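Dear colleague,

I am handing over the structure we talked about, and you will find it just below. After it I have set out what turned up on going through it, grouped by region.

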Amino acid sequence: VQLQASGGGLAQPGGSLRLSCAASGSGFTITMMGWYRQAPGKQRTLVAVLTSGGMINYADSVKGRFTISRGNAKNMLFLQMNSLKPEDTAVYYCNAGAVLDGDPDLRAYWGQGTQVTVSS
């Protein structure tokens with residue numbers, strides 16, 4: 001399972017950005033996808049997660065501002081970020097939980113990260 005994230009960049013406070021993540025490969029089933037972020041000197045934390053059953057969880061700090069969604073092609077994941085704040089500045093990572101064909105274990109996969117900077 002390979003994950004490719006894109007869409008980061010520089011935004012002003014109050015602005016918007018949209019992150020995308022494309023999952024590729026074969027022989028697997030994705031059970032959940034999500035976004036995490038890591039600010040300098042801090043641990044990586046959950047931003048939002050979406051399960052294959054449609055359950056969604058957001059970090060309290062982004063509720064009402066960020067929206068996670070899957071594309072019509074289920075290998076795509078998006079994060080619409082509105083009303084951005086300087087404290088949203090971080091490297092954002094795409095994450096997927098997947099089961100490989102013939103392997104019962106759920107495994108975690110990570111994309112390479114995309115930088116989001118919110119500054120005036």
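The loop between β8 and β9 is where S83 lies, and please keep in mind from here on that the model is a predicted one. S83 has a positive phi of about 50 degrees, although this residue is not a glycine, and with a relative accessible area of 40% S83 is classed as partly exposed.

The loop between β8 and β9 also holds D88, whose side chain meets that of R37 in a salt bridge with an N to O distance of 3.0 Å. Because R37 belongs to strand β4 (residues 28–38) while D88 sits in the loop, this pair ties together parts of the chain that are 51 residues apart in sequence. D88 forms a salt bridge with R65 as well, and there the closest N and O atoms are 2.7 Å apart. R65 is placed in the loop between β6 (56–58) and β7, so this second pair with D88 connects parts that are 23 residues apart in sequence.

As for their surroundings, D88 is buried, its relative accessible area being 0%, and R37 is likewise in the buried class at 12%, as is R65 at 10%. The count of salt bridges in the model comes to four, and one of them joins D103 to R107, with the closest N and O atoms 2.7 Å apart. D103 is buried at a relative accessible area of 18%, whereas R107, at 37%, is partly exposed. Through shared partners, salt bridges join R37, R65 and D88 into one network.

Turning to the strands, four of them form an open sheet in the order β1-β3-β8-β7, with antiparallel pairing. At the edges stand β1 (2–6) and β7 (66–70), each of which has a single partner strand, so that one side of each is left without a neighbour in the sheet. From one strand to the next, the twist averages 15 degrees.

Within this sheet, β3 and strand β8 (residues 76–81) pair in the antiparallel sense over six bridges. Among the residues involved, L17 has M81 as its bridge partner in β8, and R18 has Q80 as its bridge partner in that strand. On the pairing of β7 with β8, the strands run antiparallel and are joined by five bridges, and here F66 stands opposite M81 in β8. M81 is thus named in both pairings, as the partner of L17 and as the residue that F66 faces.

Which cysteines form a disulfide in this model? A search of the whole structure finds one disulfide, formed by C21 and C94, whose sulfur atoms are 2.0 Å apart. The disulfide links distant parts of the chain, since C21 lies in strand β3 (residues 17–24) and C94 in strand β9 (residues 90–100), 73 residues apart. The torsion about the S-S bond of C21 and C94 is about -80 degrees, and the disulfide is therefore left-handed. C21 counts as buried at 0% relative accessibility, and C94 counts as buried with a relative accessibility of 0%.

The aromatic side chains provide the last group of findings. A search of the whole structure finds one aromatic pair, in which the rings of Y36 and W110 have their centres 5.0 Å apart and their planes at 70 degrees, so the pair is edge-to-face. This pair, too, links distant parts of the chain, with Y36 in strand β4 and W110 in strand β10 (residues 106–110), 74 residues apart. Y36 is partly exposed, with a relative accessible area of 23%, and W110 is partly exposed at 37% relative accessibility.

W110 takes part in a further contact, as R44 lies over the face of its ring at 4.7 Å from the ring centre. R44 also lies over the face of Y93, in that case at 3.6 Å from the ring centre.

With best regards

Conventions: Residues are numbered from 1 along each chain as its sequence is written. This is a predicted model: local features need pLDDT of at least 70, side-chain atom pairs count only at pLDDT 80 or more; totals for chains, interfaces and linings use all residues. Side-chain values use heavy atoms; hydrogens and water are left out. A disulfide is a pair of cysteine sulfur atoms within 2.5 Å. Helices (H or I, at least four residues) and strands (E, at least two) are DSSP runs, numbered from the N terminus. Buried means under 20% relative accessible area, exposed over 50%, partly exposed in between (1.4 Å probe, protein chains only). Two strands pair if DSSP finds at least two bridges between them. Axes are lines fitted to C-alpha atoms, for helices over the stretch in contact, and angles run from 0 to 180 degrees between N-to-C directions. Rings of Phe, Tyr and Trp (its six-membered ring) pair if their centres lie within 6.5 Å; planes under 30 degrees apart count as stacked, over 60 as edge-to-face and the rest as tilted. A charge sits over a ring if NZ of Lys or CZ of Arg is within 6 Å of the ring centre and within 35 degrees of the ring normal.
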